[in-house]
Amino acid sequence: MTNLPVDGTPLAADPLTRAVLEIDEYAAGLGWDQPARLFALVDTGKLREQEPSLAAQLGIEESAGTSLTPIEQDEIPAGAPLDEFLATIAWPDAVVGCALTVERLMLPPSAEEAEPAGMTEKQLAKWVAEHPERQEVRMTVAVLRDGSRESALRLREKDSTSEVLTGRSLVPGLADALAATFEEE
């Protein structure tokens, strides 16, 4: 878990972890029941150097040091399967990474073991949504071109910055899908 100092800035040494926590805080400020949001991650120093007016508009200060700046992208099309949408993305060279925040229902491993066999995707979604042990979770997952990964998980029932879990491999499938957006064809 990660703690925040008084000013709300994440206490994390790694720029990718800081970016993930910044995006998590942004999403938390919007509340729950939000659509998925996609972010480009750019090198803050290069952004200040190459796009000073954009950096000023974003409130990026000279003393920001080594960091990544998340820039929210256009809205993900409603009803589009996330994996299919991600497969259509190609990032320009200036983008060093990307992140996605998405809300999902999840079950503890004990409940997953009791999953009835042979259900369609629609039946499975209904079963999970009606399961008494279900948990609503917001996942923020980020990857860099160099293969680095970071994730943050926030449970709706423990909706507090001090309860956010972070780790490099919390949501490996989503991290793989994001990493694939950087693969050359």
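1. Contact here means heavy atoms within 4.5 Å. Axes are lines fitted to C-alpha atoms, for helices over the stretch in contact, with angles from 0 to 180 degrees between N-to-C directions. Helices (H or I, at least four residues) and strands (E, at least two) are DSSP runs, numbered from the N terminus. On those terms, helix α7 (residues 172-180) lies across β1 (37-43), β3 (95-106), β4 and β5. Helix α7 runs at about 35° to β4.

2. Basis. This is a predicted model: local features need pLDDT of at least 70, side-chain atom pairs count only at pLDDT 80 or more, and totals for chains, interfaces and linings use all residues. Residues are numbered from 1 along each chain as its sequence is written, and side-chain values use heavy atoms, with hydrogens and water left out.

3. Chain overview. The protein chain has 7 helices and 6 strands. From the N terminus the order is α-β-α-α-β-α-β-α-α-β-β-β-α. Of the contacts with a separation of 6 or more, 67% join residues 24 or more positions apart. Buried residues (under 20% relative accessible area, 1.4 Å probe, protein chains only) make up 37% of the 185 residues.

4. Sheet. Two strands pair if DSSP finds at least two bridges between them. The 6 strands form an open, antiparallel sheet in the order β2-β1-β3-β4-β5-β6. Its edge strands are β2 (68-72) and β6 (165-167), each paired on one side only. The twist averages 20° from one strand to the next. Strands β4 (residues 135-144) and β5 (residues 149-155) are joined by 7 bridges. Met 139 stands opposite Leu 153 in β5.

5. Cavities. A cavity is a set of points, on a 1 Å grid over the protein atoms alone, where a 1.4 Å probe fits but cannot get out; lining residues have an atom within 4 Å of a point. Points are joined across faces, edges and corners, and a volume is the space filled by probe spheres set on them. The count is 2 cavities of 30 Å³ or more. The largest has a volume of about 50 Å³.

6. Lining of the largest cavity. Among the lining residues are Ala 27, Leu 30, Thr 101, Glu 103 and Arg 138. Elements giving two or more residues are α1 (15-30) and β3. Strand β3 gives the largest share, 3 residues.

7. Ala 13. This residue sits in the segment before α1. Ala 13 is exposed (over 50%), with a relative accessible area of 74%. Ala 13 and Ser 67 are 54 residues apart in sequence and 9.9 Å apart in space, C-alpha to C-alpha.

Conventions
1 Å grid on protein atoms, 1.4 Å probe; cavity = no way out; pocket = protein on both sides within 12 Å on 5 of 7 lines; lining within 4 Å.
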